[in-house]
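Here is a set of exercises to work through with the sequence and the model side by side. Try each task yourself before you read its solution.

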Amino acid sequence: MFEFIMTDVVARHRKLNGSKVWVTTGSDENSLKNVRAAEAQKIPVGELCRRNADLFIALAKKVELSEFSFIRSSVKETHWKGPQKIWELCDKAGDIYKKKYSGMYCVACEQFYTDSELETGLCPVHKTKPELIEEENYFFRLSKYQKRIEEMFKNDEIMVFPQSKKNEMMGFVNQGLEDFSISRSKMRTKGWGVPVPGDESQYMYVWFDALCIYLTGVGFQYDEKKFKEWWPASMHVVGKDIIRFHLIYWPAMLMSAGLPLPKSVLIHGFITAGGEKMSKTVGNVVDPDELIAKYGIERVRYFFMKDIPTFEDGDYSEGAFKACVNNELVGNLGNFIHRTLTFAYTKFGGEIKSAPNESGISVLGEVGRRREEVNKLLWENNIHEAMLKILEIGNIANRYFQEMAPWELVKKDKEECEKVVSACLNMCMIIGDLLYPFVPESSERILGFIGMKPVPFGELGEMRSGFSVKEPKIVFEKIQEK
RNA sequence: AGCGAGGUAGGGUAGCAUGGAGUGCCCGCCGGGCUCAUAACCCGGAGAUCGGUGGUUCAAAUCCACCUCUCGCUACCA
């Protein structure tokens, strides 16, 4: 879910600023894990995958992913032609060959283990002695791309956010790239997965076909016109656990197939719950559906973008969630907006004609600088920092309101007071606008009170005079203790 | 073990490249103010041997060395 929100924030920001945006996502369903899970639940694999995918799609919709395509890799009709074509292209480039693979195989786990994974020569799960099994698989000539991948990193052909992950991968590359197996025997996969073209006995390695979701998601092999329009992707959003696939295997595959590389990869960390890794055994798994049902998507979006560092692990706890929403979203931003709008509405009947005075111009200058920083941070995909910057604006705005004390001023000098309120309304407008990628609904509501809509950065202008405020309602509600 | 990142008030962080009074931010805590606002907002305060030791320097969170602890990566698991 975190990834969905993050992607959506980026997507909305880009779209608002004039880019065409198409989001594609999917589920790689061809793994052995699914086969086993389905066996355990005694239902067909296809059924299990369909159920999971439905949950995912429903969640994505709740998170308000703007427009997206969802590819399920086990669905032949919309996906298989993609990876099979890539396979053929790689094969034509001479990068696929057959090789015997032998390894220690645990029958109970149904998987191979490397020496380092084995504990004193025994399977770490079953504590039994694994068998030495030999199997003939197809391999991808990754070693051939050693130089090209090094170059790719050096020249930033794919921008990596954050940089530190790029360094990590470069370290990996420097150890020397080895060819990797890209198929499994039919026996091992139990016939689940994408068949290798021209060899019935072999099925594709999950990642080989899963990565192709990025391609088929924009029409590759199914709608070439669409594909031309959307590929190469400007960004992939992935978790830190799978960067090797995205930053090494995937580019190499694309190079081999003669397709352009994606332009950037955004890597995020994991969410822990109450300081611990989420796991079913500990029982601290946070169900995103429940969270959204309980608190609403806007709050959830706000929390994850504000409290979780974009590129690192972050923690969720109910306490932190409430504090974050009540003290900042409500107390800082919500309060400022509400006190301003209410004041303008009750004291001036909503009609504010004056321009801000000098104090207002000065404070708007401060706000304006931060507004530019927010925009810059968003282009750098630094969502978390951008959100913090918006809160800073909220602070400035509240302080200004406090120091100017318009509630006093209105009794003494109404004209001067109107100028102050005008400055405050300008700040409401800026905050409302900046908030759009993060909490789109609320943003639209805020701007709606002053008869506006979210606009691209730069179109807002430096300052406005003349606002007509409708009767305001609370935008961000507090979470009440039950 | 190798490579990489990091250890800054109770918690979370910024600062480090180009050394200059422990400087900043968020949450929490304490005190005060305000009453337009959702018990919201504003101001002030307490709280830190900047992981440890040694070195360079007039001066080190910042540079160097060593130590210590934490966390990632080390491919055919996805």
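**Exercise 1. Work out how strand β12 is covered and which strands pair with it.**

Step 1. Start with burial: strand β12 (residues 264-268) is mostly covered, with 5 of its 5 residues buried. Buried means under 20% relative accessible area, exposed means over 50%, and partly exposed lies in between (1.4 Å probe, protein chains only). Helices (H or I, at least four residues) and strands (E, at least two) are DSSP runs, numbered from the N terminus.

Step 2. Now take the two faces. S264, L266 and H268 lie on one side, V265 and I267 on the other, and all of them are buried.

Step 3. Look for the partners; two strands pair if DSSP finds at least two bridges between them. Strand β6 (residues 159-161) pairs with β12 in the parallel sense over 3 bridges, and F161 has L266 of β12 as its bridge partner. Strand β11 (residues 236-239) is also parallel to β12, over 4 bridges, and here H236 is bridged to V265 of β12.

Step 4. Follow the chain from β11 to β12. Together with helix α11 (residues 243-257), these strands make a right-handed β-α-β unit. A crossover is right-handed if, with the strands pointing away from the viewer, the path from the first strand over the helix to the second runs clockwise.

A word on the source: this is a predicted model, in which local features need pLDDT of at least 70 and side-chain atom pairs count only at pLDDT 80 or more, while totals for chains, interfaces and linings use all residues. Residues are numbered from 1 along each chain as its sequence is written, chains are lettered from A and ligands numbered from 1 in the order in which they are written, and side-chain values use heavy atoms, with hydrogens and water left out.

**Exercise 2. Describe the largest cavity and the second largest pocket.**

Step 1. Fix the terms. On a 1 Å grid over the protein atoms alone, a cavity is a set of points where a 1.4 Å probe fits but cannot get out, and a pocket is an open set with protein on both sides within 12 Å along at least five of seven lines; lining residues have an atom within 4 Å of a point. Grid points are joined across faces, edges and corners, and a volume is the space filled by probe spheres set on the points.

Step 2. The structure holds 3 cavities of 30 Å³ or more, and the largest has a volume of about 100 Å³. Its lining includes H13, N17, V374, D433 and F457. The elements that give two or more residues to this lining are α1 (2-16), α15 (358-379) and α18 (414-434), and α15 gives the most, with 3 residues.

Step 3. Sort the lining of the largest cavity by type: 8 nonpolar, 3 polar and 1 charged. Here Ala, Val, Leu, Ile, Met, Phe, Trp, Tyr, Cys and Pro count as nonpolar, Asp, Glu, Lys and Arg as charged, and the others, Gly among them, as polar.

Step 4. Turn to the second largest pocket, with a volume of about 560 Å³. Of its 16 lining residues, E178, D179, F180, R244 and Y249 are the closest to its centre. β7 (180-181) and α11 are the elements that give two or more residues to this lining, and the largest share, 3 residues, comes from α11. The lining of this pocket divides into 8 nonpolar, 3 polar and 5 charged residues.

**Exercise 3. Find the edge strands of the sheet that holds β13.**

Step 1. The sheet is open, with 3 strands in the order β14-β13-β15 and mixed pairing.

Step 2. β14 (276-277) and β15 (314-316) each have a single partner strand, so one side of each is left without a neighbour in the sheet.

Step 3. Strand β13 (residues 271-273) runs antiparallel to β14, joined by 2 bridges; A273 has E276 of β14 as its bridge partner.

**Exercise 4. Is T216 buried or exposed, and what does T216 touch?**

Step 1. T216 lies in helix α9 (residues 213-216).

Step 2. T216 counts as buried because its relative accessibility is 5%.

Step 3. Leaving aside neighbours within four places in sequence, T216 is in contact (heavy atoms within 4.5 Å) with I71, T78, H79, G82, P83 and Y222.
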